[in-house]
Amino acid sequence: LLKAVRDAGYRFLAMPTLCTGGVGIPAHFVAISALRAIHRDFTVHPADAMRVRICCYDTEHARVFSSIMNEVMDRFYSPDECAEILLSSLTQPG
């Protein structure tokens, strides 16, 4: 999605928490995938950053995305450490 937006010449994207509703994918999984993709895009294009707004339609989803975003930002310059922590969180209850 980010590549398609970038290739179309845009640098702003508003996206919903895809697949968390009818498909039933846990918000935690979607948050990790989305935020890792955004981080990856920024590291590849640091001088041409894209602004991404994630639209959460459920209060719990907003909390989950905020928590995952904080993990990414706390370890912004250590992507391997960040990935390890995020992926290990998938096996933890809660």
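In the predicted model, the sulfur of Cys 82 lies 18 Å from the closest cysteine sulfur, which belongs to Cys 56, and this separation is too far for a bond. Cys 82 counts as buried, because its relative accessibility is 7% and the term applies to values under 20%. For Cys 56, the closest cysteine sulfur is that of Cys 55, at 7.7 Å, which is likewise too far for a bond, since a disulfide is taken to require two cysteine sulfur atoms within 2.5 Å. With a relative accessibility of 27%, Cys 56 counts as partly exposed. By this rule, the count of disulfides comes to 0.

The chain that holds these cysteines contains 4 helices and 2 strands, and its elements follow the order α-β-α-β-α-α from the N terminus on. The radius of gyration of the chain is 13 Å, close to the 12 Å given by the globule rule for 94 residues, so the chain is as compact as a globular protein of that length. Taken along the principal axes, the box filled by the C-alpha atoms is roughly 40 × 30 × 20 Å. Among the contacts with a separation of 6 or more, 68% are accounted for by residues 24 or more positions apart.

Of the 94 residues in the chain, 28% are buried. The accessible surface of the chain amounts to about 6200 Å², and carbon and sulfur atoms contribute 58% of this area. As for charge, the chain carries 9 positive and 10 negative charges, and the mean positions of the two groups are 7 Å apart.

Notes
Residues numbered from 1 in each chain as written. Predicted model: local features only at pLDDT ≥ 70, side-chain atom pairs only at ≥ 80, totals over all residues. Heavy atoms only, no water. Rg over C-alpha atoms; globule rule 2.2 N^0.38 Å. Buried < 20%, exposed > 50% of the residue type's maximum accessible area, 1.4 Å probe, protein only. Contact = heavy atoms within 4.5 Å. Areas by Shrake-Rupley, 256 points an atom, 1.4 Å probe, with all protein chains shown as cover. Lys, Arg positive; Asp, Glu negative; His and termini not counted. Charge placed at Lys NZ, Arg CZ, Asp CG, Glu CD.
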